[in-house]
Amino acid sequence: MRPLKLVMSAFGPYAGQTVIDFSKLGEQGLYLITGDTGAGKTVIFDAVSYALYGQTSGGVRDANMLRSQYADADTPTFVELEFSFRGKCYRVKRNPEYRRPAKRGGGMTKEKAGAELYYPDDRVPVTRMSDVDKSIVELLGLNHKQFTQITMIAQGQFRKFLDTNTDLFHTYFFQQLQDELKQDAAAKRNEFIEQQRRSEQALNGISCIYSVYTEQLQSFALRHYEGCVEEVLALVDTIIALDEKEQQQVAAAAAIVTKNLTALQDSLSAIDKKQQLEKYMQTTEVRIAGMQKQLEQEAAAAVQRQEALQKLEAEVNEAQKGEVELAQLQTERQQMAARQRELRQLQEMQQRYQSQEVALLQKRQEYKQACDNFNHLNELSDACFDRFLGAQAGLLAHDKLKPGKPCPVCGSCEHPQPVQLAQDAPTENDVEQARTKAEDAQKIRDGLIGEGKALKEHLELDKTLLLGKGVELLGCDDLKLIAERAQAELKDVNNKITALRLKMGFLQEKVEQYRKLARTLEQQKAADKQAETAAQNLRQQLAGAEGQLQELKKQLAEQNELLTDVDEQELQQEHEKLLSQQRELELQDKRLYAAIKNNQRIKQEVSGYEAHRAACEAEYSLINSLSATLNGTLTGKKRVNLETYVQMHYFDKILQRANVRLLHMSRGQYELCRDKMQDADSKTGNSKTGLDLEVKDYYSGNLRSVKTLSGGESFMASLALALGLADEVQSCAGGIQLDTMFVDEGFGSLDDSSLQQAIATLQGLSEGHRLVGIISHVHDLQEMIDKKILVRKKRGQQGTGSEVALVVD
């Protein structure tokens, strides 16, 4: 992973938006981040770590405390990082949770934390924070802790890095395996104990009524059945055999009681039958009496219905006559209505003829007025034209005759008496207007001639039709007589229709009455028929009931003969006694059956529990031994678990790589060694044996703890160990590519010579497309490293917060 561009907005001491273009620093080499104390140099590393993982580099600053105290209220807080990985560019953006002014309503609101990850291809961006966290880990192959351990040596963390042991190796898989085996062993032991508990619980439920065996079972229970389950199951078989034998004896006794009950039941059944016959015979006699009474009532009702039907039929016959008369009147009314329509049509034709006569007379008057108007306008047009012609000489004299100029008529140049132009002489336009009015009046007159002719033709045609209709209807061809006769006859027809309507209304009521009576008659006949059918059915039922009564009397006589010498009370007492014995035997049989089934079930369940328990015990023994081996808890053995063993292997390889650099930085004085002499105490159970560090001092030839190193020596040892770890991680994990590294402070504790060696080591590390960033106040480093990121505090009129400048010589 290599950072390309970092954007910080209202983040830490940076009030506005600050952009750092790492691509200008090149693809390899060292660069220095330096500047004022507290200006925010380490915040740059924090921003990179926060953009990737949502956490700061050293773990000192909480994500919720990252908003700049110098920022304006409207400036958003976020970090955006563009970085390259395996030749492809990615972009990740995050913002912490903070409070900001609300956009509506005033006051403050909470801005939720968010994250976005953009891929170099067409994949949809990841926008959920948890998904971004997961995607970054999958992409880089490192979680936040691993990333900071091998790419960032944070300020104040050198000693902590040097003292760290197992956290560097990420052998959690082996720890998971150890834990799973321990859990499996515990689970299998619990399962084994559970099978024992179930067996004991089941055996406590054994059913036994035999005192000698009950005492034995109680003694086994006090021991929780340990080591005697087989003996208890054998005793259960004995109890089951005794219960089965007793069950057979109970079944034999129950068969005898059932046989006696069956014989006794026959006699009791005969008594019950006699009682039922007597009761049924009484019920039949009551039912016969009821049916006889009902038949008598039905006969009387039938006579009344017949009388009512005869009376109703007479009324229907009388009312039926009105229906015939109503039909005749309806026919006559239809005829009158037809005559009425014809006479009205004749009157309409006459009225139309009269209106046309009036229209023709009006049209003639209009024609006469049009003729008079035309003659008047035509005369005016002719007079206007004559006056126009008479004024032509005056116009000529007025316009053409000038002294000394020849006359256009006679050619004379003298004009002693020229004609004077009249004051009211018409113009050519006046003549044209007069002629137009006369022509329009002529068109109106000619149009009225055509309209009058058309009206006259229609009038003659209507007169012919009217006379023809008069002859057809009234036998008259005189228009005046036709009108008089039509009016008189129409009046007579209207009177007749009115009289018919009144008479028909009366008859209609009579017809409706007839129809109602007819429907009532049909309903009465249907009801009478149903009543007769019901009476017939009742008579048949009565005959059947009487026959049934005779049969019942016969059967009762036979039952009386059978029960002549039987004492019913003694039979009932004996029956109750046998029933009591039968119930007692049934209860005893059920108890024995339940006991047998319960004991058989217990035996089957316990056998299964014991088989399962034995299998669990064998599995537990195997898994527990394997777990003890992997977890380092074998008695009498060194307590080194599998994870620690693997870590010791990786630790040795990391130390080999680290010592190459440490020997160089310390001029051959120091080498880091794993403490191989500290064994696990079997009583304390220390599982981290062999992961403690010692330092070998070649100047003195002694081994001592790394805690005895000075500040500068600790820094060199921590740096060497971090570089060794980074080399080993990239060597073993092909998917992890570390193109950058950050070192925060620690150089101030080195002397000039050690500083030169440390810088030379880092320069060697930066070869091969690796970029190493160093934070330091050491003045010598500013002269030794050309590429710099300068961080300064703003002062005075420049504002508040910090600013960044990139220097590349």
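In the predicted model, I136 is in contact with L52, Y53, F83, L117 and G141, neighbours within four places in sequence being left aside. I136 itself lies in helix α2, which covers residues 129-140. The residue counts as buried because its relative accessibility is 0%, and the cut-off for buried is under 20%. One of the contact partners, Y53, is 83 residues away along the chain. The C-alpha atoms of I136 and Y53 are nevertheless separated by 7.4 Å.

The contacts of I136 can be placed on the surrounding fold. Five strands form an open sheet in the order β2-β1-β4-β5-β8, and their pairing is antiparallel. Strands β2 (14-21) and β8 (114-118) are the edges, each pairing on one side only. On average, neighbouring strands of this sheet are turned by 10° against each other, direction ignored. At the β8 edge, the partner is strand β5 (residues 88-95), and the two pair in the antiparallel sense over 5 bridges. Within this pair, V92 stands opposite L117 in β8. L117 is also among the residues in contact with I136.

Two helices meet the sheet. Helix α1 (residues 41-53) packs on it and touches β1 (2-11), β2, β4 (78-85) and β5. The direction of helix α1 makes about 105° with that of β1. Helix α2 lies across β4, β5 and β8. Its course runs at about 40° to β8. I136 is part of helix α2, and its contacts include L52 and Y53, F83 and L117.

Technical notes. Residues are numbered from 1 along each chain as its sequence is written. This is a predicted model: local features need pLDDT of at least 70, side-chain atom pairs count only at pLDDT 80 or more; totals for chains, interfaces and linings use all residues. Side-chain values use heavy atoms; hydrogens and water are left out. Helices (H or I, at least four residues) and strands (E, at least two) are DSSP runs, numbered from the N terminus. Buried means under 20% relative accessible area, exposed over 50%, partly exposed in between (1.4 Å probe, protein chains only). Contact means heavy atoms within 4.5 Å. Two strands pair if DSSP finds at least two bridges between them. Axes are lines fitted to C-alpha atoms, for helices over the stretch in contact, and angles run from 0 to 180 degrees between N-to-C directions.
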